[in-house]
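Dear colleague,

Please find below the structure that I promised to pass on to you. My notes on it follow directly after.

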Amino acid sequence: MGQKKLKRFGEIKTFGNVFEYPENMAGNWERYFENKSPIILELACGKGEYTTGLARLLPQNNYIGVDIKGNRIWVGAKFARENKLTNVAFLRTQIHQISSYFEKNEVKEIWITFPDPQLRVSRANRRLTHPRYLRLYHEFLIPGGNIHLKTDSPDLYYFTKKVIELYGLKLLEDIKNIREQEVISEALRIATHYEKLDIAKSNSIFYLRFSLSEKEILNTDAELEKVLKSETNSKPDD
């Protein structure tokens, strides 16, 4: 590990707004924020552009950026400290452990902005909108709480739409290309580091907003896997 990363890892341990694999945090976030305002999560937050951007735009809420990369979290946490964003915190952990840190109905909304699309079908269950993760979110998201996906990956966009359809979720908003919209919300104008890189080279920024059913999300993932394999096999050869 480079000296720069080592320095940042050391520094975030001294940051009061960074929690690394904390214990007994479920139900206790209001102690850190010192209020009972709604909690919004940004998963795989990277450098925390959305976490801090939303915190400045809508200061009536509390925001927590979640990522495993301490080197990236350092950027967002430092920015929040320097700009006195007291409604911001960062949680360093694996996303598959996320339900350990929040109790039932503790989170109002989730933002997933430019995550790794995990393009191989064999890795589809690592996509952050895969039902395996949605079942985790269901454990702590309020009934009807929104999940926002913003991505430049058409594969992740269409995959998520398929999940919404197969699992009976509620699609609230569907934008195929934010860049072509004459009017968009200020929240969607926030640009992340990865958005600017345009890794997918799709020339599109896709956006979905949906909510989970109040009922338990059934494990019919085998059916989803069949659909994915069928669609892959039906694609024409390049």
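Counting the ring pairs of this predicted model gives 11 aromatic pairs. One of them joins Y157 and Y158: the ring centres lie 4.8 Å apart and the planes meet at 70°, so this pair is edge-to-face. The cut-off for that class is an angle over 60 degrees. The two tyrosines sit in unlike surroundings, as Y157 is buried, with a relative accessible area of 0%, whereas Y158 is partly exposed at 45%.

Ring pairs also build a cluster, whose members are F19, W29, Y32, F33, F102, Y133, Y137 and F140. A further ring, that of F159, has a charged partner: the charged end of R127 sits over it, 4.6 Å from the ring centre.

Turning to the sheet, the model has an open sheet of eight strands with mixed pairing. The strands follow the order β1-β4-β3-β2-β5-β6-β8-β7. At the edges are β1 and β7 (residues 170–175), each of which pairs on one side only. From one strand to the next, the twist averages 20°. As a reminder, strands of a sheet pair through backbone hydrogen bonds, in either the parallel or the antiparallel sense. For β1 and β4 the pairing is parallel, over three bridges. V18 has F90 of β4 as its bridge partner.

The helix α4 deserves a separate paragraph. Helix α4 covers residues 70–82, which makes 13 residues. From the first C-alpha to the last, α4 reaches 18 Å, close to the 18 Å expected at 1.5 Å a residue. With respect to the sheet, α4 lies across β1, β3 and β4, and runs at about 170° to β4.

Which residues of α4 are buried? They are G70, N71, I73, W74, G76, A77 and A80. These buried residues pack against strands β1 (18–20), β3 (62–67) and β4 (88–92), and also against helices α1 (3–12) and α3 (49–57). The three strands that α4 lies across are thus among the elements its buried residues pack against. After α4 comes K84, which has a positive phi, near 55°.

When you open the model, I would suggest viewing α4 together with β1, β3 and β4, the strands that it lies across, and then turning to the edge-to-face pair of Y157 and Y158.

With kind regards

Notes: Residues are numbered from 1 along each chain as its sequence is written. This is a predicted model: local features need pLDDT of at least 70, side-chain atom pairs count only at pLDDT 80 or more; totals for chains, interfaces and linings use all residues. Side-chain values use heavy atoms; hydrogens and water are left out. Helices (H or I, at least four residues) and strands (E, at least two) are DSSP runs, numbered from the N terminus. The expected span of a helix is 1.5 Å times one less than its number of residues. Buried means under 20% relative accessible area, exposed over 50%, partly exposed in between (1.4 Å probe, protein chains only). Contact means heavy atoms within 4.5 Å. Rings of Phe, Tyr and Trp (its six-membered ring) pair if their centres lie within 6.5 Å; planes under 30 degrees apart count as stacked, over 60 as edge-to-face and the rest as tilted. A charge sits over a ring if NZ of Lys or CZ of Arg is within 6 Å of the ring centre and within 35 degrees of the ring normal. Two strands pair if DSSP finds at least two bridges between them. Axes are lines fitted to C-alpha atoms, for helices over the stretch in contact, and angles run from 0 to 180 degrees between N-to-C directions.
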